[in-house]
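Work through the exercises below with the model open. Try each task before you read its solution.

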Amino acid sequence: MEAVADTISKIIKRFRLGDIKAETPEENARRQAEYERQKNLEYYQFETKNFLKKRSLFNQENALISEYKGIDENSPDTFRELAKRSVDVVRDFVNQNMYTVILTGKAGTGKTMLTSCMLNKLNQETYLRCLFVSVPAMYDLVMSKFAKDSDKNIKKKQDRLYHLMNDVKEADVIALDDLGSETSLKSEVVEANQTFQDTLFKIGEIIQTKGLIISTNNSSSDFQEMYNPKITSRLLTKNPAHIFNFPESLEDKRIARR
Ligand SMILES: Nc1ncnc2c1ncn2[C@@H]1O[C@H](COP(=O)(O)OP(=O)(O)O)[C@@H](O)[C@H]1O
Ligand SMILES: [Mg+2]
């Protein structure tokens with residue numbers, strides 16, 4: 001009998017069973033709740049990190065490939081200055097100081113590239129949800145309703161648009177890339193154009209508390225002619241500190257490389 005007691009005592013010691021305290025039901029519930037909270041947080045963080053890649057709407061592959069470290073060291077001073085200012089915007093967004101910035105200038109001067117740098121930096125260094133939206137690609141989704149296409153394709157595009165609008169609501173920082181270029185594709189159907197303006201208006205309402213990065217080939221006076229004032233007043237900014245002019249002197253890199 002004594003030998004058995006001795007063995008049990010050794011097992012208790014060996015596996016430190018004596019260290020395990022009996023939990024009260026309250027402690028158990030608290031521990032379970034803490035575990036659930038931790039798991040939910042981890043899931044939220046995982047979803048947030050993937051948000052940019054998974055939910056963004058692109059019209060070209062690799063739109064989000066650029067990062068600050070990839071900026072050409074021999075870039076003109078004007079570009080480097082714009083890049084430096086964009087880092088200040090990133091810092092403001094990190095500090096929850098949200099506003100609209102407009103990157104404006106001719107094609108190929110690096111507007112989408114700088115947008116990509118900003119979004120990637122925010123995505124890497126924070127848990128802000130970032131979303132890239134190609135406006136021409138969004139225009140295509142909106143217009144699908146009026147296009148001559150199979151019911152299946154139309155439904156697919158309308159579903160994508162529905163999810164995109166939810167993603168805009170969920171995001172903290174949104175890029176509208178190439179705003180204004182869709183007007184060159186403008187449909188003759190008045191109702192179609194109205195539908196697209198309605199979409200922009202809805203986005204304008206949603207982004208009021210969010211960070212917005214607009215890249216465009218248009219000037220603000222172009223926008224006044226193109227869109228309803230209700231849209232321009234919600235989407236655009238007049239603050240010169242938030243307007244990035246990409247000068248003509250920045251050559252069209254896209255053409256230069258060919
Ligand atoms: N300063 C720069 N350094 C390195 N690559 C650049 C620079 N500016 C533009 N590019 C490259 O030139 C191409 C066109 O730039 P992009 O950002 O698409 O122009 P935009 O959006 O103004 O039309 C891209 O492949 C981009 O990576
Ligand atoms: Mg671009």
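Four short exercises follow, each with a worked solution.

This is a predicted model, where local features need pLDDT of at least 70, side-chain atom pairs count only at pLDDT 80 or more, and totals for chains, interfaces and linings use all residues. Residues are numbered from 1 along each chain as its sequence is written, chains are lettered from A and ligands numbered from 1 in the order in which they are written, and side-chain values use heavy atoms, leaving out hydrogens and water.

**Exercise 1.** State the domain bounds and the distance between the domain centres.

Solution. Take the bounds from an automatic or database domain assignment. Domain 1 covers 2–43 and domain 2 covers 56–256. Their C-alpha centres lie 53 Å apart.

**Exercise 2.** Is isoleucine 8 buried, partly exposed or exposed?

Solution. First, locate isoleucine 8: helix α1, residues 2–14. Helices (H or I, at least four residues) and strands (E, at least two) are DSSP runs, numbered from the N terminus. Next, recall the classes: buried is under 20% relative accessible area, exposed over 50%, partly exposed in between (1.4 Å probe, protein chains only). Isoleucine 8 has 46%, so it is partly exposed.

**Exercise 3.** How many residues of helix α5 are buried, and what do they pack against?

Solution. Helix α5 spans residues 135–143, and 8 of its 9 residues are buried. Among them are Val135, Tyr139 and Met143. The buried residues pack against β2, α6, β3 and α7. Contact means heavy atoms within 4.5 Å.

**Exercise 4.** Place threonine 100 and classify its exposure.

Solution. Threonine 100 is in strand β1, residues 100–105. Its relative accessible area is 11%, so threonine 100 is buried. Not counting residues up to four places away in sequence, threonine 100 touches residues including Ile207, Leu235 and His242.
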